[in-house]
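Please open the model in your viewer and keep the sequence panel beside it. The tour below moves from one selection to the next and says what is to be found at each stop.

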Amino acid sequence: MADTTERLHRYLEDELGACRREDVDDRLDHLGTLEAALGTAQVEVELDVLSALANGTRYRLVRILVAADGDLCVCELNAVVDVTESGLSHALSALVDAGLVDARKDGRWKKYRATNRAVALVTVLEGSVRVDGVADGDGEDGPNPGVSNE
């Protein structure tokens, strides 16, 4: 911690021109407030959602369900995603647990639908990444002239 405090002191000295111990303490208090505002429980829930999307099969299922804009039967999903029935069931269960997919029984069939959370996440990802790997907003003509990407 002493090393961290010393680095923070040097940083504040560079930023403010001079730095007192009170400046470091005030900044540490402010940073502690930011950390507390996140809330451990909220971070854990968000990590669960991201973990659910961090698997190719689960992410494909979410994308398919978002694109479907309605319910799809498990048999339809099985026809699109090349996994075993057990693997499909496990993936869908993880997505339901993460709040990305809703499931309902319709007679003898189980149907799935993307939640608003899934739609929002896919929309954000689609808007920030293009197929060529360049994020939108970086310009159509490649990197900005005179700007180093290093």
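In which loop is Thr 115 found? In this predicted model, Thr 115 is found in the loop between strand E3, residues 109-114, and helix H7, residues 116-128. Select Thr 115 and display the surface: with a relative accessible area of 11%, this residue is buried. Then show what surrounds the residue: once neighbours within four places in sequence are left aside, Thr 115 is in contact with Gly 99, Leu 100, Val 101 and Asp 102.

**The whole chain**

Now zoom out and colour by secondary structure, where you will find seven helices and three strands. Following the chain along the sequence, you can trace the pattern α-α-α-α-β-α-α-β-β-α. If you colour by accessibility instead, buried residues make up 21% of the 150 residues in the protein, while the protein exposes about 10700 Å², of which carbon and sulfur atoms supply 51%. As for how the chain folds back on itself, among contacts between residues at least 6 apart in sequence, 44% join residues at least 24 apart.

**The sheet**

Select the three strands together, and you will see an open sheet in the order E1-E3-E2, with antiparallel pairing. E1 and E2 are the edge strands, each of which pairs on one side only. Strands of a sheet pair through backbone hydrogen bonds, either parallel or antiparallel, and showing the backbone atoms will help at the next two stops.

Begin with E1 and E3, which pair in the antiparallel sense over two bridges; here Cys 73 stands opposite Lys 111 in E3. Move next to E2 and E3, which run antiparallel and are joined by six bridges, and look for Ala 103, which stands opposite Tyr 112 in E3. The hairpin of E2 and E3 has two residues between the strands, and Gly 107 in this hairpin takes a positive phi near 65°.

**Charged side chains on and beside the strands**

How many salt bridges does the count come to? The count comes to seven salt bridges, and several of them can be visited from the sheet. Show the side chains of Arg 104 and Asp 71, which meet in a salt bridge with an N to O distance of 2.6 Å. Arg 104 lies in strand E2, residues 101-106, and Asp 71 in the loop between helix H4, residues 56-68, and strand E1, residues 72-73, so this pair ties together parts that are 33 residues apart in sequence. 

Keep Asp 71 selected and add Arg 113: these two also form a salt bridge, the closest N and O atoms being 2.9 Å apart. Since Asp 71 lies in the loop between H4 and E1 and Arg 113 in strand E3, the pair ties together parts that are 42 residues apart in sequence. On the surface display, Asp 71 is partly exposed at 26% relative accessible area, and Arg 104 counts as partly exposed at 38%, as does Arg 113 at 38%.

Another pair to select is Lys 111 and Asp 106, which form a salt bridge with the closest N and O atoms 3.0 Å apart. Lys 111 is partly exposed, with a relative accessible area of 21%, and Asp 106 is partly exposed as well, at 34%. Away from these pairs, select Arg 20, Glu 22 and Asp 23, which are linked in a network of salt bridges.

**Cysteines**

Return to Cys 73, which is buried with a relative accessible area of 8%, and measure the distance to the sulfur of Cys 75. The closest cysteine sulfur to that of Cys 73 is the one in Cys 75, and at 3.1 Å this is too far for a bond, because a disulfide requires the two sulfur atoms to be within 2.5 Å. The structure as a whole holds zero disulfides. Cys 19 can be selected as well, and at 13% relative accessibility this residue counts as buried.

**Helix H2**

End the tour at helix H2, residues 21-38, and ask how far apart its end C-alpha atoms are. At 1.5 Å a residue, the 18 residues of H2 should span 26 Å, and the end C-alpha atoms are 26 Å apart, which agrees. Step one place past the helix to Gly 39, which follows H2 and whose phi is positive, near 75°.

Definitions and conventions:
Residues numbered from 1 in each chain as written. Predicted model: local features only at pLDDT ≥ 70, side-chain atom pairs only at ≥ 80, totals over all residues. Heavy atoms only, no water. Helix = DSSP H or I, 4+ residues; strand = E, 2+ residues; numbered from the N terminus. Expected span 1.5 Å × (residues − 1). Buried < 20%, exposed > 50% of the residue type's maximum accessible area, 1.4 Å probe, protein only. Contact = heavy atoms within 4.5 Å. Salt bridge = Lys/Arg side-chain N within 4 Å of Asp/Glu carboxyl O. Areas by Shrake-Rupley, 256 points an atom, 1.4 Å probe, with all protein chains shown as cover. Pairing = 2+ DSSP bridges.
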